[in-house]
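This note is meant for a colleague who is opening the structure for the first time. The points below move from the overall fold to single residues.

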Amino acid sequence: MTGARRPRPSNLLRMGALVAVEGLDGAGKRTLIDAVVAGLRARGLRAATVAFPRYGRSVHADLAAEALRGRHGDLAASVNAMALLFALDRAAARDDLLKLLADNDIVLLDRYVASNAAYNAARTDQSADGEMASWVAELEFGRFELPVPDVQVLLDVPIELAAERARRRGELDSARALDAYESDKGLQERTAAVYRVLAESHWHGPWWIHAPHDDPATLTARLSEKVAR
């Protein structure tokens with residue numbers, strides 16, 4: 001039937017727990033995820049990771065990255081167009097993500113739907129309860145039927161620390177030079193504020209806060225307990 005949605009996968013068929021790690025550019029998400037995955041595997045758990053946007057693998061992600069570096073005319077000026085590109089990247093990965101969840105005890109994501117809500121709400125000077133965050137959720141969880149995370153972890157670091165890490169990363173790797181979002185201090189500040197409200201309001205599921213001084217082993221233990229339950 002034209003326009004009919006695919007049935008949502010039953011949670012009974014989904015073995016793994018889906019965990020999204022969120023935070024600003026340079027917050028240290030990759031480092032945290034690597035440490036947690038190593039800890040989980042040491043405990044005998046099957047763990048997999050996916051990083052969004054999938055640069056180099058997704059045409060939608062690559063178009064968004066190019067737009068943020070000045071290409072494709074005024075594409076980057078459109079908040080909804082950029083949000084849609086990032087959402088389409090995740091939508092294209094949906095089947096792979098569901099397979100990872102079926103084959104693993106836990107799947108950790110470096111960014112997910114909340115990043116689209118946080119950055120684009122910040123771009124439009126809205127908060128987490130505004131129209132933009134609602135539109136992103138309906139688009140990705142609703143229309144694209146992406147699985148909702150079992151836990152979302154906010155890596156809440158000082159803005160100055162995240163900015164310095166992102167700057168150093170760009171200096172060491174020209175392919176990761178700061179884009180229009182990363183170089184906009186005001187946007188990063190507003191995004192951090194939206195992220196905190198998303199976490200405080202438990203936007204689309206439970207949120208945990210992880211501070212820079214928190215031991216990754218603590219997060220590993222909490223996730224192991226959640227998988228065991």
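1. Overall architecture. The model is predicted. Its secondary structure amounts to nine helices and five strands. Along the sequence, these elements follow the pattern β-α-β-α-α-α-β-α-α-β-α-α-β-α. Of the 229 residues in the protein, 48% are buried. Among contacts between residues at least 6 apart in sequence, 80% join residues at least 24 apart.

2. Helix α1. This helix covers residues 29-42, 14 residues in total. From its first C-alpha to its last it reaches 20 Å, close to the 20 Å expected at 1.5 Å a residue. Which residues of α1 are buried? They are Lys29, Leu32, Ile33, Val36, Val37 and Leu40. Viewed down the axis of α1, these buried residues fall within an arc of 130 degrees, so they line one face of the helix. Thr31 and Ala42, on the other side of α1, are exposed.

3. Surroundings of α1. What covers the buried residues of α1? The cover includes the strands β1 (17-22), β2 (47-51), β3 (106-110), β4 and β5 (207-210), together with helix α9 (216-228). Just after α1, glycine 44 adopts a positive phi of about 90 degrees.

4. Strand β1 at alanine 17. Alanine 17 is part of strand β1. With a relative accessible area of 11%, alanine 17 counts as buried, because buried means under 20%. Setting aside neighbours within four places in sequence, alanine 17 is in contact with Leu101, Asp105, Ile106, Val107, Asp150 and Val227. One of these contacts, Ile106, belongs to β3 (106-110), and another, Val227, belongs to α9 (216-228). The C-alpha atoms of alanine 17 and valine 151 are separated by 8.2 Å, although the two residues are 134 apart along the chain.

5. The cavity. How many cavities of 30 Å³ or more are counted? The count comes to one. The volume of the largest cavity is about 60 Å³. Its lining consists of Gly23, Leu24, Ala27, Leu154, Leu155, Asp156, Val157, Ala192, Tyr195 and Arg196. Two elements, β4 (151-155) and α8 (185-200), give two or more residues each to this lining. Helix α8 gives the most, with three residues. By class, the lining has seven nonpolar, one polar and two charged residues.

6. Helix α8 at threonine 191. Threonine 191 is placed in helix α8. Is threonine 191 buried or exposed? Threonine 191 is buried, its relative accessible area being 0%. Not counting residues up to four places away in sequence, threonine 191 touches Leu24, Ala118, Tyr119 and Ala122. Of these, Leu24 is also among the residues that line the largest cavity.

7. Helix α8 at valine 197. Valine 197 also lies in helix α8. Unlike threonine 191, which is buried, valine 197 is partly exposed, with a relative accessible area of 31%. Beyond residues up to four places away in sequence, valine 197 touches Ser127 and Ala128. The C-alpha atoms of valine 197 and alanine 128 are separated by 6.0 Å, with their positions 69 residues apart along the chain.

8. Backbone geometry to check. Most residues other than glycine have a negative phi, and most peptide bonds are trans. Several places in this model therefore deserve a look, as follows from that general pattern. The peptide bond from phenylalanine 52 to proline 53 is cis, with omega near -5 degrees. Proline 53 sits in the loop between β2 and α2 (59-67).

9. Positive phi outside glycine. Glutamate 145 has a phi near 55 degrees, a positive value in a residue other than glycine. Glutamate 145 is located in the loop between α6 (131-143) and β4, and it is buried, with a relative accessible area of 6%. Histidine 202, likewise not a glycine, has a positive phi of about 50 degrees. The position of histidine 202 is in the loop between α8 and β5. Histidine 202 is partly exposed, with a relative accessible area of 44%.

Conventions: Residues numbered from 1 in each chain as written. Predicted model: local features only at pLDDT ≥ 70, side-chain atom pairs only at ≥ 80, totals over all residues. Heavy atoms only, no water. 1 Å grid on protein atoms, 1.4 Å probe; cavity = no way out; pocket = protein on both sides within 12 Å on 5 of 7 lines; lining within 4 Å. Points joined across faces, edges and corners; volume = space filled by probe spheres on them. Helix = DSSP H or I, 4+ residues; strand = E, 2+ residues; numbered from the N terminus. Nonpolar A, V, L, I, M, F, W, Y, C, P; charged D, E, K, R; others polar. Expected span 1.5 Å × (residues − 1). Buried < 20%, exposed > 50% of the residue type's maximum accessible area, 1.4 Å probe, protein only. Arc of directions from axis to C-beta. Contact = heavy atoms within 4.5 Å.
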